[in-house]
Structures are given as C-alpha cells and as structure tokens.
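Biologist: Hey, can you walk me through this one? I'm new to reading structures, so plain words please.

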Amino acid sequence: MSAELEAEHVQECRDWQATLAANGWAGITWPSEYGGRGGTVAQARIFAQEESRVLVSSGVFMVAIGMVGPTIIQHGTEEQKNFFLPRMLNGEHVWCQLFSEPGAGSDLAGLATRAERDGDEFVVNGQKVWTSGAHFSDWGMMLVRTNWDVPKHQGITWIAVDMRSPGIEVRPLRQITGYAHFNEVFLTDVRVPVANVLGDVDNGWRIAQTTLGNERQMIGGGGSGVGFKALAALARSCGRTEDPVIRQELAKSYTRFELLNWLGQRAKARAKAGLPPGPEMSIMKLAVSERVARDGDLALALEGPGGMLTGSDALDDGMFQQLFLNQWSVRIGGGTEQIQRNVIGERVLGLPGEARPDKTEPFRNLPRN
Ligand SMILES: Cc1cc2nc3c(=O)[nH]c(=O)nc-3n(C[C@H](O)[C@H](O)[C@H](O)COP(=O)(O)OP(=O)(O)OC[C@H]3O[C@@H](n4cnc5c(N)ncnc54)[C@H](O)[C@@H]3O)c2cc1C
C-alpha cells in the first residue's frame with residue numbers, strides 16, 4: 001500500500017469511528033460515562049456481524065479499542081478514563097503498542113528502555129521495534145524500566161506517551177508482504193508526565209498482562225485470513241475438487257474453521273460472565289496461527305504452479321499469496337506459537353514451569369546483549 005493510500009485508509013477509519021461514536025455505536029460494551037453504550041457482549045457481537053456486511057473499517061483503532069481501552073477501564077484513574085476513553089471512541093486518538101524491543105520480544109520482561117524520574121516527568125531513552133502503525137499513531141502505550149535493582153518483572157512501568165513528543169523518531173520496516181506496516185521507534189530524552197502512568201510505578205507487568213490478554217483475544221477472535229468458503233471457491237475454480245487428497249485437506253480446513261468458531265463462543269461466554277481474558281486465549285491464538293499456516297499452504301497448493309505468481313499476475317490479484325505470506329505476522333505477532341504453548345503448558349495444563357534462573361536476580365545483574 002502506498003503512503004497516500006494508507007493515509008486515505010487511516011482517514012476513512014477515523015471518519016467511520018467518529019460516525020459510530022456520534023450515533024451511539026462506539027464501545028458497545030464500554031461504560032456510558034466514558035462514551036460507550038453500556039451494552040452486552042451479545043449486542044456487540046450482533047452489531048459487529050451487521051457492520052461486516054458493509055465496506056467500512058475502523059481497523060486502525062484495533063490497538064486502542066481492543067487493547068488499550070480495556071486496560072485503562074480496568075486499571076486507570078478517573079482522570080485517565082475521562083481523557084483517553086472518549087477520544088479513542090470518537091476517532092481522535094489512534095494508539096500503538098510500544099512493548100517489543102530488539103532484545104525483548106518473547107522475553108518481554110527483559111526490556112531495557114530506561115525511564116528516569118525528573119520532577120513530574122519521566123525522561124525516556126531506548127528503542128522499541130515491530131511497532132505496528134507507529135507512523136500514524138497519536139498515542140503509544142509503552143513499557144519502560146523504572147527500577148534496575150529488582151528482578152526483571154518488578155521494575156517495569158506502563159505509561160502512555162504522546163507520539164508527537166520531541167525525541168521520538170519512527171523508522172518504517174518493510175515486511176515480506178511488501179507493506180511497511182510496522183516500525184522501529186527510537187526514544188531520545190523523551191519527556192512523559194508521571195500522570196500518564198497506568199497503575200503504579202514499577203507495577204507495569206501486572207497491567208501489561210491485561211493488555212496482552214486482550215491482544216490474544218483480539219488476534220484469536222479476529223478471524224484472520226480468508227474464510228473457508230473462499231478456499232472452497234478457489235478449489236472449484238482451479239478444478240481440484242475431485243482430487244481425494246485435496247478433498248481431505250479441504251475437510252481439515254473446514255474443521256479448523258468450525259473449531260475456531262466454537263473456541264470463539266467459549267471466549268465470548270467468559271466475557272459475558274464478566275471474566276477477563278484468561279490463559280485460554282493462548283489456545284485461540286494458537287488455533288488461529290495453525291489455521292493461517294495450513295490454509296495459506298493449501299491455497300497455494302490449489303493454485304499449483306500459478307501459486308508462484310504475485311500481484312496482478314496471480315489469481316485474484318495475489319490475494320492468496322498475501323494470505324500465505326502474511327501467516328508469519330499472525331504466528332509471531334502477539335506472542336509466537338512456542339510461547340503460546342509454554343503458556344498453555346504452564347497455566348492451563350499445570351505442567352512444571354520452564355527453568356528461569358533470571359527471575360529472582362536484580363535486572364541490573366542480568367547479562368544482556
Ligand atoms: C506483524 C507483527 C506485528 C507486531 N506488532 C507489534 C506491536 O505493535 N508492538 C509490539 O510491541 N510488538 C509487536 N510485534 C512484536 C512481537 O510481539 C514479537 O515479534 C514477538 O513477541 C516475538 O518476539 P521476537 O520477534 O523478539 O522473537 P524472539 O523472542 O527472539 O523469538 C525467536 C524465536 O525463539 C522462540 N523462543 C523464544 N523464547 C522461547 C522460549 N522460552 N521457549 C520456546 N521458544 C522460544 C520464539 O518462539 C521464536 O521462534 C509484532 C510482530 C509482528 C510479526
């Protein structure tokens with residue numbers, strides 16, 4: 001996508017989000033005092049189904065509304081809720097997630113972006129990476145290290161940063177799909193008000209768990225990739241529906257699709273009962289990863305030698321090639337498959353934890369690259 005097309009898309013998302021807010025359809029399950037509708041999960045689902053029938057998107061607000069908003073609702077002060085929540089819902093503030101760093105992805109608690117207190121502000125120095133949408137975001141939720149003398153999980157703080165603050169440099173990174181969807185973000189003496197801390201200083205790991213749970217739910221429930229019907233249609237148009245091996249693969253694809261639907265129902269039942277996303281979200285994230293991987297492979301197998309073409313040379317303008325290439329985004333972003341398996345093993349199945357000798361030592365003493 002060119003920079004112009006992307007800017008157009010961002011504006012369309014802002015406009016649609018503003019329209020939703022103006023008509024009382026933004027934040028259906030959020031409290032009405034912060035601009036939401038105070039409705040139920042079932043109502044939100046019905047609205048999402050209806051919305052998906054028309055060609056509109058508020059996709060650039062996914063981080064804000066899917067991840068930051070629920071975190072602020074759970075942990076924010078009244079001032080933070082009153083300032084941030086309505087501005088997400090009305091299309092004013094697009095957010096990004098400044099968590100990962102070059103040395104801290106799966107091992108997120110190993111992050112080393114430094115925040116030092118100076119009166120009512122923190123002075124932030126460091127580097128973030130893989131930050132989706134940083135180049136068009138207004139705000140970022142950032143994890144910073146505020147204490148080096150305690151074990152790594154204990155010295156982290158969750159803070160909101162205005163992306164237009166002096167000292168922030170955003171550099172795009174191009175992905176295998178050809179799009180520059182994410183970025184490196186360099187922070188040099190960036191001043192952030194202490195009032196922007198969510199929860200307590202040094203207690204950000206707990207807050208981050210809320211954010212990450214919501215992220216897994218969002219990715220798991222997002223139905224990434226194309227639906228089964230599109231794959232079946234592709235099999236028909238490629239004349240492959242009589243091939244017994246392909247028929248088996250299509251049956252497996254359908255099974256994956258249905259399994260995800262049922263896992264989604266389970267997540268919605270949990271939300272309906274008022275429970276926050278739990279470690280079961282890792283099961284959904286893993287199931288979505290498997291689906292995009294297997295379906296991406298199947299789509300190109302269906303196309304045969306034509307699967308090697310891309311863009312306008314390929315069938316459907318290369319939609320299935322994009323699906324194939326995009327599988328790694330889904331499989332890595334929001335926590336890799338291996339990490340989801342660790343979470344499931346330890347927190348769902350109760351298996352013994354991985355050996356983590358770095359869990360008790362002050363962060364300052366840990367070897368870092
Ligand atoms: C499309 C996309 C968008 C993203 N957007 C954002 C964003 O907006 N904001 C943000 O903060 N981050 C973002 N990320 C970053 C993402 O969260 C990290 O890439 C992810 O957590 C993995 O970290 P890493 O890349 O450092 O890989 P590493 O942690 O270095 O992992 C490398 C490999 O080692 C494996 N591994 C690591 N530790 C273990 C272990 N303990 N047990 C078993 N295997 C292990 C991993 O599974 C992986 O295969 C995005 C990533 C992608 C792909």
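**Glu101 and its surroundings**

Modeller: Let's start with a side chain: that of Glu101 reaches the backbone nitrogen of Ala112 at 2.7 Å. Before we go on, this is a predicted model, where local features need pLDDT of at least 70, side-chain atom pairs count only at pLDDT 80 or more, and totals for chains, interfaces and linings use all residues. Residues are numbered from 1 along each chain as its sequence is written, and side-chain values use heavy atoms, with hydrogens and water left out.

Biologist: Okay, and which side chain does Glu101 join in a polar contact?

Modeller: That of Lys128, at 2.8 Å. A polar contact is a pair of N or O atoms within 3.5 Å; within protein, one must be able to donate a hydrogen and the other to accept it, and residues adjacent in sequence count only if both atoms are side-chain atoms.

Biologist: Where is Glu101 found?

Modeller: In the loop between strand S1 (95–98) and strand S2 (114–118). Strands (E, at least two residues) and helices (H or I, at least four) are DSSP runs, numbered from the N terminus.

Biologist: Is Glu101 buried or exposed?

Modeller: Glu101 counts as buried because its relative accessibility is 7%; buried means under 20% relative accessible area, exposed over 50%, partly exposed in between (1.4 Å probe, protein chains only).

Biologist: New topic: how many disulfides does the structure hold?

Modeller: Zero, where a disulfide is a pair of cysteine sulfur atoms within 2.5 Å. For Cys96, the nearest cysteine sulfur, that of Cys13, is 15 Å away. Cys96 is buried at 0% relative accessible area, while Cys238 counts as partly exposed at 25%.

Biologist: And the domains, what are they?

Modeller: Domain 1 (3–95), domain 2 (97–202) and domain 3 (222–348), with bounds from an automatic or database domain assignment. The C-alpha centres of domain 1 and domain 2 lie 23 Å apart.

Biologist: How many salt bridges are there between domain 1 and domain 2?

Modeller: One. Here a salt bridge is a side-chain nitrogen of Lys or Arg within 4 Å of a carboxyl oxygen of Asp or Glu. The side chains of Asp138 and Arg14 meet in a salt bridge at 3.0 Å, N to O.

Biologist: Which helix gives the most to the side of domain 1 that touches domain 2?

Modeller: H3, with six residues.
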